[in-house]
Amino acid sequence: MRTITAHQITEAVATLCQRANTCLPDDVYRALTVAHTQEASPVGQTTLQLLVDNADYARHSGVALCQDGGVTLVFLEIGQAVHLVDGLLEGAVQAGVRRGYQDGYLRGSMLDRPFGGHNTGDNTPAILYTRLVAGDQVTITVMPKGGGAENTSRLAMFTPAQGMEAIRDFVLDTIVKAGPASCPPLIVGIGVRPARILHSKSWKGNG
Amino acid sequence: MSDAIAITCPLTDPSVLLSLRAGTMVRVSGTLLTARDAAHARLHQLAQDGCPLPVSFHNQALYYTGPAPAPPGFIIGAVGPTTASRMDPYTPALLAKGLKVMIGKGERSAAVISAMVQHQAIYLGAIGGIGALLSQTVQHARVVAFEDLGPEAMYELVVKDFPTVVLIDTIGEMYYRKGQVPYRTRLPPL
């Protein structure tokens with residue numbers, strides 16, 4: 001059993017919010033520099049060079065990589081042997097996002113309600129994903145997910161007869177459609193699962 | 001961007017836009033107005049009510065952005081483009097009021113493109129994902145309208161060498177179409 005305080009969670013989330021908004025992950029940074037050496041078009045080369053320059057400048061200056069701090073997704077892997085004290089997990093995470101965005105001069109992009117809402121100013125509420133794992137540690141990952149990533153997400157269902165061809169068509173078409181609006185670099189995530197599992201998870205009792 | 005064409009906004013002679021074809025890199029200096037969804041809705045409402053607009057759009061450039069707050073010692077925070085198509089319903093009316101240059105990202109509607117051709121305006125693409133770097137091109141920033149909208153207020157930005165590429169030109173040609181053509185053939189056969 002290990003005791004972790006809500007305050008520790010808040011501190012970690014606040015730090016991660018600032019880091020995630022100012023420091024491009026190493027693998028993405030490397031991919032950009034490699035792409036720059038391989039790009040043929042002058043506009044593409046310029047774009048990739050500026051993306052690398054932007055990453056360097058943001059890391060060095062602390063100015064956010066992008067004005068859009070996104071929807072803050074917080075992934076928590078919580079060891080079963082952890083005892084959380086002095087507060088609730090949800091509140092501790094939201095407090096961390098609030099502090100991280102305010103102290104880091106990050107733009108709040110969340111509204112307090114969907115229709116006629118106002119900007120909450122501190123990017124709360126964040127979305128929490130929690131998973132119980134073995135051990136006595138808490139692993140926290142923060143991902144600021146920009147609107148450009150959300151807006152171009154697409155979902156489709158295929159019949160067996162449509163096969164891989166249809167899936168490939170759909171994926172390529174989605175990328176081409178996303179290209180102009182989503183900001184580079186595009187990192188394409190593809191999830192495929194049998195419809196029955198999707199159904200039973202989404203519509204309990206109807207699967 | 002060393003081989004980019006330089007323009008200064010507001011334009012003293014809008015005919016300079018006629019030679020800027022889709023795909024041309026353009027460095028913008030001078031004054032940019034900013035507005036996003038909420039500011040466009042306010043402008044639309046003012047026009048509907050027959051009220052004067054808070055700024056003149058004559059020969060102006062409008063940048064679709066909602067900047068991040070300025071950290072201490074900085075003029076402005078990250079200030080990259082937002083998706084322009086959300087502003088499409090309001091855009092033809094602003095083009096009719098003399099707006100000549102729009103800066104954003106993503107596609108535009110057929111109605112906007114036809115109004116651009118009619119009014120000889122261009123749409124420039126700023127690179128999404130370089131908001132920090134773009135903040136360095138800003139020499140001065142002040143709110144000119146709708147301050148209560150926070151990051152969605154209308155700002156006036158004085159910029160130097162703001163990097164863009166022509167996405168849609170005065171004859172309605174689209175760089176997103178033109179630029180995809182040579183690459184489409186390289187996609188694997190389906």
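## Contacts, strands and cores in a predicted model

Beyond its neighbours within four places in sequence, A:Asp122 is in contact with A:Val97, A:Arg98, A:Tyr101, A:Gln102 and A:Gly108. The model is predicted. A:Asp122 sits in the loop between helix H4 (89–103) and strand E4 (127–133) of chain A. Its side chain makes a polar contact with the side chain of A:Arg98, at 2.9 Å. A:Asp122 counts as buried because its relative accessibility is 7%, and the cut-off for buried is under 20%.

Now to chain B. In strand E2 (residues 25–34) of chain B, 9 of the 10 residues are buried, so the strand is largely enclosed by the rest of the structure. Its strand pairings are tabulated here.

| Partner of E2(B) | Sense | Bridges |
|---|---|---|
| E1(B), residues 5–9 | parallel | 5 bridges |
| E7(B), residues 154–168 | antiparallel | 8 bridges |
| E3(B), residues 61–63 | parallel | 2 bridges |

Individual residues mark these pairings. B:Ala6 has B:Arg27 of E2(B) as its bridge partner. B:Val28 stands opposite B:Phe162 in E7(B). B:Leu33 stands opposite B:Leu62 in E3(B).

B:Val28 and B:Phe162 also appear in the largest nonpolar core, which has 61 residues. Along with A:Val74, B:Tyr63, B:Val101 and B:Ile103, they touch the most other members. Helix H3 (residues 42–61) of chain A supplies the largest share of this core, 7 residues. Another core, of 34 residues, lies apart from it and includes B:Ala35, B:Ile113, B:Phe146 and B:Met154.

Outside its neighbours within four places in sequence, B:Phe162 is in contact with several residues, including B:Val26, B:Val28, B:Leu32, B:Tyr63, B:Ile103 and B:Leu134.

Conventions:
Residues numbered from 1 in each chain as written. Chains lettered and ligands numbered in written order. Predicted model: local features only at pLDDT ≥ 70, side-chain atom pairs only at ≥ 80, totals over all residues. Heavy atoms only, no water. Core = buried A, V, L, I, M, F, W, Y, C linked by side-chain atoms within 4.5 Å. Buried < 20%, exposed > 50% of the residue type's maximum accessible area, 1.4 Å probe, protein only. Helix = DSSP H or I, 4+ residues; strand = E, 2+ residues; numbered from the N terminus. Contact = heavy atoms within 4.5 Å. Polar contact = N/O pair within 3.5 Å; in protein donor to acceptor, adjacent residues only side chain to side chain. Pairing = 2+ DSSP bridges.
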